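Here are a few friendly notes to read alongside the model. They are numbered so that you can take them one at a time.

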Amino acid sequence: MSSHPTLADVAEKAGVSASTASIAFSGTGPVSDATKQRVLDAAAALGYAGPDPRARSLRRGRSGIVGVVLEERVRAAFLDPVKIRTLDGIAEGIAPLGAGLLLLTDAGAGDAAVSIENAPVDGVVLIGCSPRLADSIAVLRRRGIPAVAIEGAAGEDVLEIAVDNEAATRRGAEYLRALGHTRVAIVALPIDAARTRGVIAPEAEARSTNQTTSERLRGARAVFPDAIAVATAASSVEEGRVAALDLLGGRVEVRPTAIIAQSDLLAAGVIRAAEELGLRVPDDLSVLGFDGIRVDGLQHDLTTLDQPSVAKGRAAGEAIVRLLAGEPAEPVAFTSTLHI
């Protein structure tokens, strides 16, 4: 007998056929309780844990895993309530598959043992706001893996779950204009794969590879065409704080009276910067966010565009289920609401 016992070894010890032993483990056929117990006792005696799930996956032609591609480090994603809500929705959506979720980043293979280049996945959901979406899609097309993009037009062969980024931001900007604001600035999400920080020049804005950033910029500029925009390296409180210190601390010619932040985490950072500089919110500065989350440690109730993050994730997961079943799946577009 080999040092690693096999199902055949268990069957021989239990005095049954290999197929009977396999059925006893899977519970999918008519095996008496006594026979099943004899097989399990033999397995325990030999130290056999059960059939290799990888082999079973090969027979089924599936790994039982759905990949989720994030645009940042996994640790950073779990600090963002929007990502957590979206992941919750994806898990709900793929529940009929009985599959697990594998979290990946879109930074390329690098030194990672498992990456989007080689991960054993049946399908993939790409969570938007990523300036590297096109690169990830190219890899998945090459591998022939079904994909769904949340916020990101990736081509006709990739289903998109969209939210009204441009229209929603425009509604928020119109609200600021109705309050009387004319000097408005924008704290933007990353605009390129290099995550370049700083004032966004017109040519850089035109070359943006982040669809979410571009759509929200267009929505703001529809109301405030001359608004200065500053790009951040990530959606985080600290990135919003640093960008706002530049806008409010005298580094721009005219200090804005309102800031449109492209996420609630960025908006929280803007508020912290304003407080550091002795400005009162909303008396001295109005701040508009996007997402509709509660930020830990922030005392303010944000004025924000509330998006249905869980519903977006669920729709993406349900689309993956249909695609893997060979059924047609349709794109879905969600609407955000202005919370004042």
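Is Tyr48 buried or exposed?

1. Tyr48 first, keeping in mind that this is a predicted model. Its relative accessibility is 13%, and the cut-off for buried is under 20%, so Tyr48 counts as buried. You will find Tyr48 in a loop, with helix H3 (33-46) on one side and helix H4 (53-60) on the other. Have a look at Asp9 as well: Tyr48 and Asp9 are 39 residues apart in sequence, and their C-alpha atoms are 9.1 Å apart in space.

2. Next, the nonpolar core. In soluble globular proteins, nonpolar side chains tend to be buried together. Here the largest nonpolar core has 29 residues, and the members that touch the most others are Ile259, Leu285 and Val295. Strand E6 (184-188), H11, strand E9 (258-261) and H12 each supply at least two residues of this core. H12 gives the most, with 8 residues.

3. Ile259 deserves a view of its own. Leaving aside residues up to four places away in sequence, Ile259 touches Ala185, Val187, Leu247, Leu248, Val270, Leu285, Ser286, Val287 and Leu288. Leu285, one of these partners, is also among the core members with the most contacts to other members.

4. Now for H11 and H12 as a pair. The axes of helix H11 (residues 237-248) and helix H12 (residues 264-276) come within 6 Å and cross at roughly 50°, so the two helices are oblique to each other. The crossing of H11 and H12 is right-handed. On the H11 side, the residues in contact are Val237, Glu239, Gly240, Arg241, Ala244, Leu245 and Leu248; the H12 side includes Leu265, Leu266, Val270 and Arg272. By class, this contact has 10 nonpolar, 2 polar and 4 charged residues.

5. Finally, a second helix pair. Helix H6 (residues 81-93) and helix H13 (residues 309-324) have axes that come within 6 Å and cross at roughly 35°, and this crossing is right-handed. From H6, the residues in contact are Val82, Arg85, Thr86, Gly89, Ile90, Glu92 and Gly93. They meet Ser309, Val310, Gly313, Arg314, Gly317, Glu318 and Val321 in H13. The contact of H6 with H13 divides into 4 nonpolar, 6 polar and 4 charged residues.

Terms used:
Residues numbered from 1 in each chain as written. Predicted model: local features only at pLDDT ≥ 70, side-chain atom pairs only at ≥ 80, totals over all residues. Heavy atoms only, no water. Axes fitted to C-alpha atoms, helices over the stretch in contact; angles between N-to-C directions. Helix = DSSP H or I, 4+ residues; strand = E, 2+ residues; numbered from the N terminus. Parallel < 35°, antiparallel > 145°, perpendicular 65-115°, else oblique. Left-handed = near helix turned anticlockwise from the far one by under 90°. Contact = heavy atoms within 4.5 Å. Nonpolar A, V, L, I, M, F, W, Y, C, P; charged D, E, K, R; others polar. Buried < 20%, exposed > 50% of the residue type's maximum accessible area, 1.4 Å probe, protein only. Core = buried A, V, L, I, M, F, W, Y, C linked by side-chain atoms within 4.5 Å.
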